[in-house]
Amino acid sequence: MALRAVPLSLTSSLSGASFFQHFVLEENMLEVDCPCVTPEIVLKASGHVDKFTDLMVKDEKTGTCYRADHLLKDFCNEKLQKDLSISPEKAAELKRVLAVLDDLSAEELGAKIKEYGIIAPDTKNPLSDPYPFNLMFQTSIGPSGLSPGYMRPETAQGIFVNFKDLYYYNGNKLPFAAAQIGQAFRNEISPRQGLLRVREFTLAEIEHFVDPENKAHPKFSDVANLEFLMFPREEQMSGHAAKRIPLGEAVSRGTVNNETLGYFIGRVYLFLTRLGIDKNRLRFRQHLANEMAHYAADCWDAEIECSYGWIECVGIADRSAYDLRAHSEKSGVPLVAQEKFPEPREVEKLFINPVKKELGLAFKGNQRMVVEALEAMNEKEALGMKDTLESKGEMEFYVCTLEKNVTIKKNMVTISREIKKEHQRVFTPSVIEPSFGIGRIIFCLFEHSFYMRPSKAGDEQLNVFRFTPLVAPIKCTVFPLVQNQQYEEVAKVISQSLTTAGISHKIDITGTSIGKRYARTDELGVPFAITVDSTSSVTIRERDSKDQIRVNVERAASVVKEVTDGRTTWAVVWSTFPHHSSGSADE
């Protein structure tokens, strides 16, 4: 249980105060908390019911399941790393397979598994052909069991279906953002790699709604001069490594699609580095064309290097208007925004007018679904239908709610362009979505924060976690230097002051030597230690430098509070207060 307490506290610290302060408060976001159980109709509209799948293979004898792309990936990597006899041609082929792995169909994946003779890793038995496996946990809502639902695979859909209320709450103005932190659930075929691939995990997601015709950001200049490792798709395709690129340059050149997307990439970089992620082991990789959804304008992943390689920890995507349109079409509720014009404007508009009488005669009970499908056509589809009907008199038209083609004749619909005066513009907002895998960030933070240093005697290596004051689960410890009633009373007074200030801390009045108590708290990543060695003043020790200052008892809690809240730094504190030298600090 003691081992589990640190990551849980880190989760609270990282996803709570850190995320809230850096994003929700700074960007004046709305915050929501939606249910974990989601009705099927919501996830049907979003595409999760039909498409949220991974390809799975089974051990033909034992029935053990494996994720097909993982088996192929592991095979290719092992061959490339361990097979010294592999030819350059074969190595190039395996690298090509790894590059297009996410884009392989079930048939292509199955063909590769057979070609390479891949078998079940545990039993060496033959494997089945790959088939899709939906990653959502299904359940039923209510006692009848007739209303299907799922444990949410992400938190975003709750924000999308509540867009109308959130837009109203924001004064019917764009842009605005809504954030949510909560549990998500995915029935992973083969969970592995510790916190990196699990079935229940914490997500923090932001949905930033913006006018699709104006994706400039008023605060982009705040991050434009940031320079960090970026891995555009052109560099990936040409086999080059990631390189440092100024963010402003990436946006101006069109490498990053727009300012708002660029702004959030910059904010994510600042967030991760302020948490303690090593900036030299952090890169932003652009999705390749075969990785992006058809509706996405641009997508970047914040990848952090750890012992498992480069791991995707944050996704930042411009999802265009896909999500709101999908829910609008399924629910019949227009999830739209309005821009009022100072003066009426004359605009040319496309009008689609289904002739309901003719459609009723032709399709009877299915008339409504055909009408809805016709009205939902985009401009390109509508103009294509107009040309075909004028030249041929009829055409085949796919109605998704009927899941089949129907024949539309010229007398069933009129499609025309007309000049119309408008007082406002009604549109579906685009969405910029940063999505944070909290467990993955914590895993990488553990690795990036850990180091060892020799003890004072030099006879052993001591473990240290370099957690920043921002995320450290325990901010401070309080020690009486020796077992002394007066010192213990002062320690309790300071402890109460720390509690009042909202600072997590531990008080240790055991008789263990002060050096060992320092080492014990360094191993937990506690950034500061207050040592009571008099009744009027105390020392405050900083973990990594082991420097100590002396302050009055009454100021101790406020000094720690100012540093842990980020209102000042240890360097400023060190230059402000008297220094204290003690050999015990190095034990």
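Where does Lys215 lie? Keep that in mind while you look at the structure, which is a predicted model. Okay, here we go: Lys215 is in the loop between β9 and β10.

Now, is this lysine buried or exposed? Lys215 is buried, because its relative accessible area is 16% and the cut-off for buried is under 20%. So who's around it? Skipping the neighbours within four places in sequence, Lys215 touches Val210, Asn258, Glu259, Thr260, Asp318 and Ser430. With Asp318 there's a polar contact between the side chains, at 2.8 Å.

Let's move on to the sheet. It's an open one with nine strands, and the pairing is mixed. If you want to trace it, the order goes β1-β8-β9-β19-β14-β13-β12-β10-β11. At the edges you'll find β1, residues 30–31, and β11, residues 243–246, and each of those pairs on one side only. Helix α11, residues 259–275, packs on this sheet and touches β9, β10, β12, β13, β14 and β19. The direction of α11 makes about 145° with that of β14.

Zoom in on β14 and β19 for a second. These two run antiparallel, and five bridges join them. One pair to click on: Val314 has Phe436 in β19 as its bridge partner.

Last stop, two helices. The axes of α4, residues 68–82, and α5, residues 88–99, come within 10 Å and cross at roughly 150°. That crossing is left-handed. On the α4 side, the residues involved include Leu72, Phe75 and Leu80, and they face a set in α5 that includes Ala91, Leu94 and Leu98. Sorted by class, that contact has eight nonpolar, one polar and three charged residues.

Methods
Residues numbered from 1 in each chain as written. Predicted model: local features only at pLDDT ≥ 70, side-chain atom pairs only at ≥ 80, totals over all residues. Heavy atoms only, no water. Pairing = 2+ DSSP bridges. Helix = DSSP H or I, 4+ residues; strand = E, 2+ residues; numbered from the N terminus. Contact = heavy atoms within 4.5 Å. Axes fitted to C-alpha atoms, helices over the stretch in contact; angles between N-to-C directions. Left-handed = near helix turned anticlockwise from the far one by under 90°. Nonpolar A, V, L, I, M, F, W, Y, C, P; charged D, E, K, R; others polar. Buried < 20%, exposed > 50% of the residue type's maximum accessible area, 1.4 Å probe, protein only. Polar contact = N/O pair within 3.5 Å; in protein donor to acceptor, adjacent residues only side chain to side chain.
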